[in-house]
Amino acid sequence: MSLPPLPSFRLDGKHVLVTGAGRGIGAHGAALFAQAGAAVTLCARTESEVEALAAELRGAGFQADAFALDVTDTAAVRREITARGPFDILLNNAGANRIRAITEVTEEDYDAVLNLNLKAALFVAQAVAQGLLAAGKPGSIINLSSQMGHFGGAGRSLYSASKFGLEGLTKCMAIDLAPHGIRVNTLCPTFIDTALTRPILDMPGTREHVLSRIKLGRLGQMDELSGALLLLASDASTLMTGSALMVDGGWTAG
């Protein structure tokens, strides 16, 4: 029997853009991709955060740079991504949440969440895709979604609406870009134990509810997203496009 070749999760020679890279999943993904051999460009609204992380990565011997970008500024997105690209891989991570009962949602809440989680995600991905098309290169776009892009939840109307929309957008992008070798998928985590999720989990009854829905009975750890991120970014997933990769501890199983 001839042995099948082992898949490679390396990203040597790849140029990666990570939005919302100053903290959380964005910062984790940027550090992960740099370790896998990629040249990583980090961006976020707070320049000091991404500059500090990029400097730390360079100090460890990896390739990284950073710049400030408000991804809700569509003109700036087009200008800055075009100037710095093309990017082989995008981790489209910038996002926000406002927990409100449906009777308390305001127009300002709607604009804040949907403009960042859906509108900005569209135009960031579009700018990266246009750069790849102009260069005649294949690529991988990873849209950071959520288990809440597949389930509803109390107080989560805006967040779920944005992530349900992102799931539909991803499938349509995948169809449009497949002839050009550009893959588009979503990563859908459950609650990950981070400084950003702890205030939500500390709300009365929330932690108990969350743990009752995660079939493995515990919160996710950031390192548990690493395999999924490398899978979607690398050539180990060359037949995956238009897919939603669930890393949810069984939440969406039922």
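**Phe33 and its neighbours**

I started at Phe33 in this predicted model. Leaving aside residues up to four places away in sequence, I found Phe33 touching Leu11, Val16, Val18, Ala38, Val40, Leu91, Ile142, Leu229, Leu230 and Ala233. I then looked up the nonpolar core around it: the largest one has 36 residues, and Phe33 is one of those that touch the most other members, along with Leu11, Val18, Val40, Leu42 and Leu187.

Which elements give two or more residues to this core? I listed strands S1 (15-19), S2 (39-44), S3 (63-68), S4 (89-92) and S5 (139-144), plus helices H1 (24-35), H2 (47-59) and H8 (226-233). H1 gives the most, with 7 residues. Apart from this core I noted another, of 28 residues, with Leu69, Val77, Leu169 and Met173 among them.

**H8**

Next I checked how covered H8 is, and it is mostly so, with 6 of its 8 residues buried. I wrote them down as Ser226, Ala228, Leu229, Leu230, Leu232 and Ala233. Of these, Leu229, Leu230 and Ala233 had already turned up on the contact list of Phe33. What do the buried residues of H8 pack against? I got H1, S4, S5, S6 and S7.

**Asn92**

From S4 I picked out Asn92, which lies in that strand. Buried or exposed? Asn92 comes out at 5% relative accessibility, and the cut-off for buried is under 20%, so I logged Asn92 as buried. Where does its side chain reach? I found the side chain of Asn92 at 2.8 Å from the backbone oxygen of Ala121. The contacts of Asn92, again without residues up to four places away in sequence, are Thr19, Ala121, Val124, Ala125, Ile142, Asn143 and Leu144. Ile142 was familiar to me, as Phe33 touches it too.

**The aromatic pair**

I looked for aromatic pairs and the structure holds 1. The pair is Phe191 with Trp251: I read 6.0 Å between the ring centres and 35 degrees between the planes, so this one goes down as tilted. Where do the two partners sit? Phe191 is in the loop between strand S6 (182-189) and helix H6 (198-201), while Trp251 is in the segment after strand S7 (244-247), so the pair ties together parts 60 residues apart in sequence. I checked cover for both rings' residues: Phe191 counts as buried at 9% relative accessibility, and Trp251 counts as buried at 3%.

**Gly168**

A quick stop at Gly168, which I placed in helix H5 (residues 157-177). Gly168 has 33% relative accessibility, so I put it down as partly exposed. I also looked up its spacing to Gly149: the two are 19 residues apart in sequence, and their C-alpha atoms are 9.5 Å apart in space.

**The whole chain**

Last, I stepped back to the overall numbers. I counted 8 helices and 7 strands in the chain. Its radius of gyration is 18 Å, close to the 18 Å the globule rule gives for 254 residues, so I noted the chain as being as compact as a globular protein of that length. The C-alpha trace spans about 55 × 50 × 40 Å along its principal axes. Buried residues make up 47% of the 254. For contacts between residues at least 6 apart in sequence, I have 72% joining residues at least 24 apart. The chain exposes about 11800 Å², and carbon and sulfur atoms supply 57% of that area.

Methods
Residues are numbered from 1 along each chain as its sequence is written. This is a predicted model: local features need pLDDT of at least 70, side-chain atom pairs count only at pLDDT 80 or more; totals for chains, interfaces and linings use all residues. Side-chain values use heavy atoms; hydrogens and water are left out. A nonpolar core is a set of buried Ala, Val, Leu, Ile, Met, Phe, Trp, Tyr and Cys residues joined through side-chain atoms within 4.5 Å. Buried means under 20% relative accessible area, exposed over 50%, partly exposed in between (1.4 Å probe, protein chains only). Helices (H or I, at least four residues) and strands (E, at least two) are DSSP runs, numbered from the N terminus. Contact means heavy atoms within 4.5 Å. A polar contact is a pair of N or O atoms within 3.5 Å; within protein, one must be able to donate a hydrogen and the other to accept it, and residues adjacent in sequence count only if both atoms are side-chain atoms. The radius of gyration is taken over C-alpha atoms; the globule rule is 2.2 Å times the number of residues to the power 0.38. Accessible areas come from the Shrake-Rupley method with a 1.4 Å probe; for residues, only the protein chains shown count as cover. Rings of Phe, Tyr and Trp (its six-membered ring) pair if their centres lie within 6.5 Å; planes under 30 degrees apart count as stacked, over 60 as edge-to-face and the rest as tilted.
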